[in-house]
2 protein chains.
Amino acid sequence: MCGIVGVIGKKNTTEILMQGLEKLEYRGYDSAGIYVNDQAGHDYLVKRVGRIKNLEAAVDDSIQGTLGIGHTRWATNGKPSVANSHPHISNDERFYLVHNGVITNANELKRQYLLDIEFASETDTEVVVQLIALFAREGLSAKEAFRKALTMVDGSYAFSLVDRLTPDTLFVAKNKSPLLIGKGDGFNVVASDALAMLSETDQFVEMKDEEIVALTQDGIAIETLDGTPVHREAFTVKMEEGDASKGTYPFYMLKEIDEQPIVMRRLVKKYTNDRGEVELPKPLLAALKAADRLYIVAAGTSYHAGLVGKGLFEKLAGVPTEVHLASEFGYNQPLLSEKPLFIFLTQSGETADIRQVLVKVKAQGYPTLTITNVLSSTLAREADYQLGLYAGPEIAVASTKAYTAQVAVEALIAQGLGEAKNHREAEAFDVVHQLGLAAAGQQALIDQKDAIHDWATDLFSQSRNAFFIGRGTDYDVSLEAALKLKEISYVQAEGFAAGELKHGTIALIEQDTPVVAFISDPKTAAHTRSNADEIAARGAKVLRIATESQSSEEDQLVVDDIDPMLAPLLMIIPGQLLAYFTSFDRGYDVDRPRNLAKSVTVE
Amino acid sequence: MCGIVGVIGKKNTTEILMQGLEKLEYRGYDSAGIYVNDQAGHDYLVKRVGRIKNLEAAVDDSIQGTLGIGHTRWATNGKPSVANSHPHISNDERFYLVHNGVITNANELKRQYLLDIEFASETDTEVVVQLIALFAREGLSAKEAFRKALTMVDGSYAFSLVDRLTPDTLFVAKNKSPLLIGKGDGFNVVASDALAMLSETDQFVEMKDEEIVALTQDGIAIETLDGTPVHREAFTVKMEEGDASKGTYPFYMLKEIDEQPIVMRRLVKKYTNDRGEVELPKPLLAALKAADRLYIVAAGTSYHAGLVGKGLFEKLAGVPTEVHLASEFGYNQPLLSEKPLFIFLTQSGETADIRQVLVKVKAQGYPTLTITNVLSSTLAREADYQLGLYAGPEIAVASTKAYTAQVAVEALIAQGLGEAKNHREAEAFDVVHQLGLAAAGQQALIDQKDAIHDWATDLFSQSRNAFFIGRGTDYDVSLEAALKLKEISYVQAEGFAAGELKHGTIALIEQDTPVVAFISDPKTAAHTRSNADEIAARGAKVLRIATESQSSEEDQLVVDDIDPMLAPLLMIIPGQLLAYFTSFDRGYDVDRPRNLAKSVTVE
């Protein structure tokens, strides 16, 4: 359940819904559906399994109206199927509901109130729409029935509801899942993401958790769940420029890999002044200086960027740093230091697992910083401080340039903070020079695409599993390189601390198991080589990638020298390209791997 | 390169070497070899690939002598083969050398000094023995040639060297790798582990790093590498009783799984007094109270036990705790708190990755505690404090009862420390009662072996990969259950934080991918169920294991209730049994999986 849109008061409702869903497809693409009502007695429901384009093929000119809702789904409860697609309908065919989120007590509600109802789907959403219909049959108005249902559900939701009997109103509500209202002249829209409605308006009204809103052609009536009216001004969303077309590239991912040197240079410009000194916003710098420990909270690829950040913040700024998985931190909060500061790393700024942490630590009064590629996102808006990644739109589901941008921004912050604290290591470090080395070294690797393509074919074309090993930041890179290969080529790859493999997992090594070893740090290069030899002694096919000063004649790929703290900015490039070419060679849809969504808006 | 033995002055040298190697087989079993010299002009060299039993079959009564060395190998440099087996010989056939460890500059030494030499093997060890021979040809005595070579090698070693021209002396030296001298009446022995020589003597002399020792029938002459003589007294090793035979069990692992309830009860007795209060050694308790942060350092299964310990120490004793992989910590030490205390978790007490951390943090003056199953081990001897696991000998390479013992000992320490600090949570917690619940709950699970066997067949018999998911301590268990399956059944299993899977790895889920979900904590049960549903919606075959109070009708296995902090003591039992039966069904040697060694004595 992932992306929702709604429109009231526009003649070309169907077109707006379809365009909006296309923009939201990054939130899931297991199935999609729309419901359109012409407020004159005709209405239409169309649902299809798979991509938005399948739905498009099924929508013709006869489907016209002035009120509509739409949905693109990432399956949580129940398989991808037409029956489980949204919009869901009450058995009396009065209510139509789309939903993003997970209702955790759906089964209990079903058992308690809806034993007589025959369900058409396996979804938690249908439980809610049947419940609304039940309360309406018991005499409540549509809005009151909706409100009563909302007070009873546990979990996360963004809902958009149509009552066929009152098609002059669109009802919406949210809790934990994102939903924005777009305000127009003679119409209103709603969507999970401003992006989906930017073609219609740039005026947006924020919705807060546990509010219920009735939208009409000309009005936006917000109330809390207990009925208190709320007045809230609109704000303007300015989208950053960015070429979101893939041009001559076969897939966005390859284009985005190629953009990384440009992003490095752009970040240096954004974060430094004419004298080449890092400049951070003063209130943020003061908050960072006041913190006795940093807590980086993230998920997936951003978590791997956070691991690199720990070394940067500890070494360059002398501040102890912990890195936590967002989904774990929220429910098992570790003991915190006296003055913690939270850093949230998120490409989209919409990750639900991070949002629940943000809500909890803000309630405890701790300062928060969101580092994101989307400065208009929920997590950017809700944190005390926000910094941009300026990587431009990232369309491919597998993140590449956002990862290197996160590492670079962490380095810039660490240097700025270290200098402000007169920390010796920061004064001896030249982040501008290092990011310049990164950009040049990335370009040199990108220029070796064909050789890397050959290794991808040699290593992974016949393989169902793979290992990536390294120590220190090479271990961090190993985790990220393995995730890339998993996400888009479905090879079960694992990243390992090179010294840890022998404590069990080395049992999986057999003849021709592919292993990639990253070697960039003089402190540990000899040890990682020993570990690679141990594995090779057991028959593995080992690809060794080393920085120039650490390289040896046995290495297949030599990477420019760079400070080991920032080696991931270079080492990940072959990792990304190996994953890309493996997926490409297998004929997969590189940009849209199965089961995944670009922005994970459920816990 | 893993286990070495040596004898001088005994008539039944061959027998002693073979018995010692059998005891050392846990350190590796890729190949084995012995060299025996009768000090009267006859000598014998026998080497075989594979288990000690292969070597045994090749050793007959004709092989007799009074001086000998032996080796059982875990391959690091070079494949398992007769050529790569130890003892290695110099080309002039004068020197015979066995080695445990890794020489990291072997290739450079070869290029610099031995360009003319034709090598018989791919090993670093042969480089050293050829180097010794070279220095001897240049005029040095055997001892001086050995000493000169030792000053030039980088890395880790335990060496035992025989010079055919002076067969009245056995030369030994160590650095980072373990080696003990056993002192006899008219004979002396050396071995990687006291266990291998206990049948001959209970008097042992410790060797320190970078010492060189000349052993004769009646003498032990210890010197430092720079030639300073060292006098050191012998100490007595008392072995703990323990039935190390597997009786009617097909494999040790099953016996050791079954012993876990007994170990829980034994630990309660060992660590509590008659009033049921935890009693810790007073100096240790004082050191723990003085610490402002605990650093648990471990590898493999012990690392997973450490993750559970973090929650116990933070909640019951209110002391912030970090858990680190030993192989990473040593070379990338994080910023430490002002008063850290280090806890080393190791079944064998010989893990090289941990030892290098211990040496470094002791040099920094920090207090250290080793928790181990072998109180006579290197890491127990060298730490400031040591506590036992009292699990009895663990013979199977895949650790089971040592894991649950580690978790239980952590709980006992946390409770003892929390009570000493008057920490509210410790006073509200009853560790004795909880460990009683653990013992009873473990027994109840062990009694359901047959049902768990059926699930293992159903889930894993056709499968090359698998996932284990959970949140909080169920996540810790997921990591350990996945490692068990990997180690002995070679299924590529991964443990995941239930909320993290959707951030990428869920792409690997396809029809019938086996997934095991652990659900024990009321705080997160609903969320983990949602994650399990997301995965099931994509076709996975999900086995749900829940504690009684969190269980639902969809769960296949219900486990007794226990405090969620200690849920791993129960949840891991089905994890261990699923791995055992999968390996058993496939006809593998459950106790001795390929590529692994019980005790990992190289970095």
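How many salt bridges does a search of the whole structure find over all chains? The answer is 70. Hello everyone, and before we go further, please keep in mind that this is a predicted model. I'd like to walk you through the place where chain A and chain B meet, and then through a few residues inside chain A.

Let's begin with the interface. Chain B brings 76 residues to the contact, and chain A brings 76 residues as well. Between them, about 6,500 Å² of area is buried, and carbon and sulfur atoms give 50% of that.

What holds charge against charge here? Between chain B and chain A the count is 10 salt bridges. One of them pairs B:E510 with A:R594, and their closest N and O atoms are 3.2 Å apart. Polar contacts are there too: across the interface, 47 residue pairs fit the rule, with both partners at pLDDT 80 or more.

If you look at the side of chain B that touches chain A, several elements each supply at least two residues, including α9 (300–317), β21 (465–470), α17 (473–489) and β22 (492–497). Which element gives the most? That is α18(B), with 7 residues. As for the kinds of residue on this side of chain B, they divide into 30 nonpolar, 22 polar and 24 charged.

Now a closer look at one pair that crosses between the chains. The side chains of B:E494 and A:K486 meet in a salt bridge, at 2.9 Å from N to O. B:E494 sits in strand β22 of chain B and A:K486 in helix α17 of chain A, so this pair joins two chains. Are these two residues buried or exposed? Both B:E494 and A:K486 are buried.

Staying in helix α17 of chain A, we find another pair. A:K484 forms a salt bridge with A:E487, with 3.3 Å between the closest N and O atoms. The two residues lie 3 residues apart in that helix, about one turn. A:K484 counts as buried because its relative accessibility is 0%, under the 20% cut-off. A:E487 is buried as well, at 5%.

Next, a salt bridge with a longer story in sequence terms. A:K541 and A:D458 meet through their side chains at 3.7 Å, N to O. A:K541 is in strand β24 (residues 541–547) and A:D458 is in helix α16 (residues 449–460), so the pair ties together parts that are 83 residues apart in sequence. Here the surroundings are more open to view: A:K541 is partly exposed at 28%, and A:D458 is partly exposed at 46%.

Salt bridges can also link up. In chain A, a network of them connects A:R529, A:D533, A:R544, A:E554 and A:D555.

Let me turn to a residue without a charge, A:S177. Where is it? A:S177 lies in the loop between β8 (170–175) and β9 (180–183) of chain A. Although in a loop, A:S177 is buried, with a relative accessible area of 1%. A polar atom of its side chain lies 3.0 Å from the backbone oxygen of A:N100. Among the residues that A:S177 touches, leaving aside those up to four places away in sequence, are A:G101, A:Y157 and A:T601.

Finally, a word on cysteines. How many disulfides does a search of the whole structure find? It finds 0 over all chains. A:C2 is buried at 1% relative accessibility, and B:C2 is buried with a relative accessible area of 1%. Thank you for listening!

Terms used:
Residues are numbered from 1 along each chain as its sequence is written. Chains are lettered from A and ligands numbered from 1 in the order in which they are written. Side-chain values use heavy atoms; hydrogens and water are left out. Contact means heavy atoms within 4.5 Å. Buried area is the accessible area (1.4 Å probe) that two parts lose on being put together, summed over both. A salt bridge is a side-chain nitrogen of Lys or Arg within 4 Å of a carboxyl oxygen of Asp or Glu. A polar contact is a pair of N or O atoms within 3.5 Å; within protein, one must be able to donate a hydrogen and the other to accept it, and residues adjacent in sequence count only if both atoms are side-chain atoms. Helices (H or I, at least four residues) and strands (E, at least two) are DSSP runs, numbered from the N terminus. Ala, Val, Leu, Ile, Met, Phe, Trp, Tyr, Cys and Pro count as nonpolar, Asp, Glu, Lys and Arg as charged, and the others, Gly among them, as polar. A disulfide is a pair of cysteine sulfur atoms within 2.5 Å. Buried means under 20% relative accessible area, exposed over 50%, partly exposed in between (1.4 Å probe, protein chains only).
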